[in-house]
Amino acid sequence: MAFLDDLGKKITVTGKNVMTKAKGMVDISDLKNQISGEERKLTSYYQNLGHMYYELKKDEPLPELTQLVEMINSTNKQIEDIKAQITAIETKRTCPVCGNVIEDDMAFCVGCGTRIEKPVMPNQMQGQPGWGQNPGAEGQPRFCVKCGYQLLPGAVFCTRCGTKQG
């Protein structure tokens, strides 16, 4: 019986030790989570500080920060260039009949010949390389058989007068 009593005491003591260690592990985990939260705050503060410094001193940075400021300027320029590309893609007009892209100077669709409702004055072709050369040779510009406007490569219709090309 004494053996069972000793065994029971050992189990009780071991159970208490396990519970104490488990509680300690939970406490440590909670404390580590608190540290992570504080580190996230700190990272945010550093980012805000850097952004404020950049806004205040981007034209006259400290010499040791000049390279970082130049990198930020370069990245901002790249972002603006990409945004301009997106805007150019989003503002492209398409033919309501066949879906081909319609350039600003087109009065007729290059693919199907449909008249475009809001024609824009054609760009100035005179004085540009290839203007006035004879059409037909590969790599040479082609011109409308009716109005003489320079055609886009592969155009079936003139974008200025709408005449089907031969």
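**Close-up views of a predicted model**

**Figure 1. The largest nonpolar core comprises 11 residues in this predicted model.** Its members are Cys95, Ile102, Met106, Cys109, Val110, Ile116, Cys144, Tyr149, Leu151, Ala155 and Cys158. In soluble globular proteins, nonpolar side chains tend to be buried together. Cys95, one of the core residues, is in contact with Asn100, Ile102, Cys109, Cys112 and Thr114, when neighbours within four places in sequence are left aside. Of these partners, Ile102 and Cys109 are also listed in the core.

**Figure 2. Ile102 occupies strand E2 and belongs to the largest nonpolar core.** Ile102 counts as buried because its relative accessibility is 3%, below the 20% limit for that class. Not counting residues up to four places away in sequence, Ile102 touches Arg93, Thr94, Cys95, Cys109 and Ile116. Among these, Cys95, Cys109 and Ile116 are members of the core. Ile102 and Ile116 are 14 residues apart in sequence, and their C-alpha atoms are 8.4 Å apart in space.

**Figure 3. Glu103 and Lys92 are joined through their side chains by a salt bridge.** The N to O distance is 3.9 Å. This pair links distant parts of the chain: Glu103 lies in the segment after strand E2 (101–102), whereas Lys92 lies in the loop between H2 and strand E1 (93–94). The two residues are 11 residues apart in sequence and 7.3 Å apart in space, C-alpha to C-alpha. Glu103 counts as partly exposed because its relative accessible area is 34%, and Lys92 falls in the partly exposed class with a relative accessibility of 45%. Residues up to four places away in sequence being left out, Glu103 touches Lys92 and Arg93. Arg93 is also among the residues touched by Ile102.

**Figure 4. Gln165 is a buried residue in the segment after E2.** The relative accessibility of Gln165 is 9%, and the residue therefore counts as buried. A polar atom of the Gln165 side chain lies 3.0 Å from the backbone nitrogen of Val145. Apart from residues up to four places away in sequence, Gln165 touches Arg142, Phe143, Cys144, Val145, Leu151, Val156, Phe157 and Cys158. Cys144, Leu151 and Cys158, included in that list of contacts, are also members of the largest nonpolar core.

**Figure 5. Asp81 and Lys77 form a salt bridge within helix H2 (residues 66–90).** The side chains meet with an N to O distance of 3.0 Å. The two residues are separated by about one helical turn because they are 4 residues apart in helix H2. Asp81 is partly exposed, with a relative accessibility of 36%. Lys77, by contrast, counts as exposed because its relative accessibility is 52%, above the 50% limit for the exposed class.

**Figure 6. Lys41 and Glu38 form a salt bridge in helix H1.** The closest N and O atoms of the pair are 3.3 Å apart. Lys41 and Glu38 lie 3 residues apart, about one turn of the helix. Lys41 counts as partly exposed, at 40% relative accessibility, and Glu38 is likewise partly exposed, with a relative accessible area of 48%. A search of the whole structure finds 5 salt bridges, among them the pair formed by Lys41 and Glu38.

**Figure 7. Phe3, Leu4, Leu7 and Ile11 make a nonpolar surface patch.** The area of this patch is about 430 Å². Phe3 has its place in helix H1 (residues 2–57), and this residue counts as exposed because its relative accessibility is 60%.

**Figure 8. The chain as a whole contains 2 helices and 2 strands.** From the N terminus on, the elements run α-α-β-β. Buried residues make up 17% of the 166 residues in the chain. The chain exposes about 13,300 Å², and carbon and sulfur atoms supply 59% of that area. Among contacts in the chain between residues at least 6 apart in sequence, 20% join residues at least 24 apart.

Terms used:
Residues are numbered from 1 along each chain as its sequence is written. This is a predicted model: local features need pLDDT of at least 70, side-chain atom pairs count only at pLDDT 80 or more; totals for chains, interfaces and linings use all residues. Side-chain values use heavy atoms; hydrogens and water are left out. Patches are made of residues with over 30% relative accessible area and no salt bridge: like charges are joined within 9 Å, nonpolar side chains (Val, Leu, Ile, Met, Phe, Trp, Tyr) within 5 Å. Accessible areas come from the Shrake-Rupley method with a 1.4 Å probe; for residues, only the protein chains shown count as cover. A salt bridge is a side-chain nitrogen of Lys or Arg within 4 Å of a carboxyl oxygen of Asp or Glu. Buried means under 20% relative accessible area, exposed over 50%, partly exposed in between (1.4 Å probe, protein chains only). A nonpolar core is a set of buried Ala, Val, Leu, Ile, Met, Phe, Trp, Tyr and Cys residues joined through side-chain atoms within 4.5 Å. Contact means heavy atoms within 4.5 Å. A polar contact is a pair of N or O atoms within 3.5 Å; within protein, one must be able to donate a hydrogen and the other to accept it, and residues adjacent in sequence count only if both atoms are side-chain atoms.
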